[in-house]
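Below are some notes on the model you sent, set out point by point. They begin with the helix packing and then turn to the sheet and the loops.

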Amino acid sequence: MPDASPLKVLVVEDESLVALDIENMLEEMGCKVVASVPRLVKALELASRLDFDLAVLDINLAGEVVYPLAFRLAERGIPFLFSTGYGTSTLPPELSDRPIVKKPVAPANLKRAVALARTGMRSVN
């Protein structure tokens with residue numbers, strides 16, 4: 001019998017209204033948001049002790065890039081996707097093939113990016 005437990009998601013987003021929108025979309029998709037954090041330091045701390053299946057990472061967190069967290073998740077084999085309102089030309093080459101959703105985030109685009117991240121498939125917009 002397939003596992004019916006919801007996908008546990010960490011949301012890392014510095015804009016509170018955007019975070020709330022993403023959280024709501026994820027919950028409508030049947031996911032459980034286990035934490036939502038606006039800053040890199042807190043996200044790094046939570047990522048080391050929290051149990052989650054996937055992360056949604058805003059690339060720019062109040063002027064800090066989220067790449068240290070992305071690399072840590074990649075090392076641990078935890079799927080993630082990026083969300084951004086900016087271009088993606090500054091992504092490190094090792095991260096440039098991860099799923100990306102452009103802001104404003106549309107539910108269908110988030111759903112597709114989550115599915116890509118979960119299956120290990122990678123894409124760029």
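1. Angles of 65 to 115 degrees between axes count as roughly perpendicular. The model is a predicted one, and in it the axes of helix α1 (residues 16-28) and helix α4 (residues 107-119) come within 10 Å and cross at roughly 65 degrees. The two helices, α1 and α4, are therefore roughly perpendicular to each other. The crossing in which α1 passes α4 is right-handed. On the α1 side the contact is made by I22, M25 and L26, and on the α4 side by P107, L110 and V114.

2. Next, the sheet as a whole. It is open and is formed by five strands in the order β2-β1-β3-β6-β7, with parallel pairing. β2 and β7 are the edge strands, each pairing on one side only. From one strand to the next, the twist averages 20 degrees.

3. Strand β1 covers residues 8-12, and four of its five residues are buried. Its pairing with strand β2 (residues 32-37) is parallel and extends over five bridges. Within this pair, L10 stands opposite A35 of β2. β1 also runs parallel to strand β3 (residues 54-58), to which four bridges join it. Here V11 has V56 of β3 as its bridge partner.

4. How are β1 and β2 connected, and with what handedness? The unit is a β-α-β one made of β1, α1 and β2, and it is right-handed. Helix α1 thus appears twice in this note, in this unit and in the contact with α4.

5. Strand β6 (residues 80-84) is mostly covered, with five of its five residues buried. In a regular strand the side chains alternate between the two faces of the sheet. For β6 both faces are covered: F80, F82 and T84 lie on one side, L81 and S83 lie on the other, and all are buried.

6. The neighbours of β6 in the sheet are as follows. β3 and β6 run parallel and are joined by four bridges; in this pair V56 has L81 of β6 as its bridge partner. V56 is also the bridge partner of V11. β6 and strand β7 (residues 100-102) run parallel as well, joined by three bridges. The partner of F82 in β7 is I100.

7. Which residues of helix α2 (residues 40-49) are buried? They are L40, A43, L44, L46 and A47. What covers them includes the strands β1, β2, β4 (60-61) and β5 (64-65), together with helix α3 (67-76).

8. L46 can serve as a single example from α2. Buried means under 20% relative accessible area, and at 8% relative accessibility L46 counts as buried. Leaving aside residues up to four places away in sequence, L46 touches A35 and V37. L46 and A35 are 11 residues apart along the chain, and their C-alpha atoms are separated by 8.3 Å. A35 is also the residue of β2 that L10 stands opposite.

9. Two backbone details should be checked by anyone reading the torsions. What kind of peptide bond joins K103 and P104? The bond is cis, with omega about 0 degrees. P104 has its place in the loop between β7 and α4.

10. The other detail concerns A62, in the loop between β4 and β5. A62 is not a glycine, yet its phi is positive, at about 50 degrees. With a relative accessible area of 48%, A62 is partly exposed. The strands on either side of this loop, β4 and β5, are among the elements that cover the buried residues of α2.

Methods
Residues are numbered from 1 along each chain as its sequence is written. This is a predicted model: local features need pLDDT of at least 70, side-chain atom pairs count only at pLDDT 80 or more; totals for chains, interfaces and linings use all residues. Side-chain values use heavy atoms; hydrogens and water are left out. Buried means under 20% relative accessible area, exposed over 50%, partly exposed in between (1.4 Å probe, protein chains only). Two strands pair if DSSP finds at least two bridges between them. A crossover is right-handed if, with the strands pointing away from the viewer, the path from the first strand over the helix to the second runs clockwise. Axes are lines fitted to C-alpha atoms, for helices over the stretch in contact, and angles run from 0 to 180 degrees between N-to-C directions. Angles under 35 degrees count as roughly parallel, over 145 as roughly antiparallel, 65 to 115 as roughly perpendicular and the rest as oblique. A crossing is left-handed if the near helix is turned anticlockwise from the far one by less than a right angle, and right-handed if clockwise. Contact means heavy atoms within 4.5 Å.
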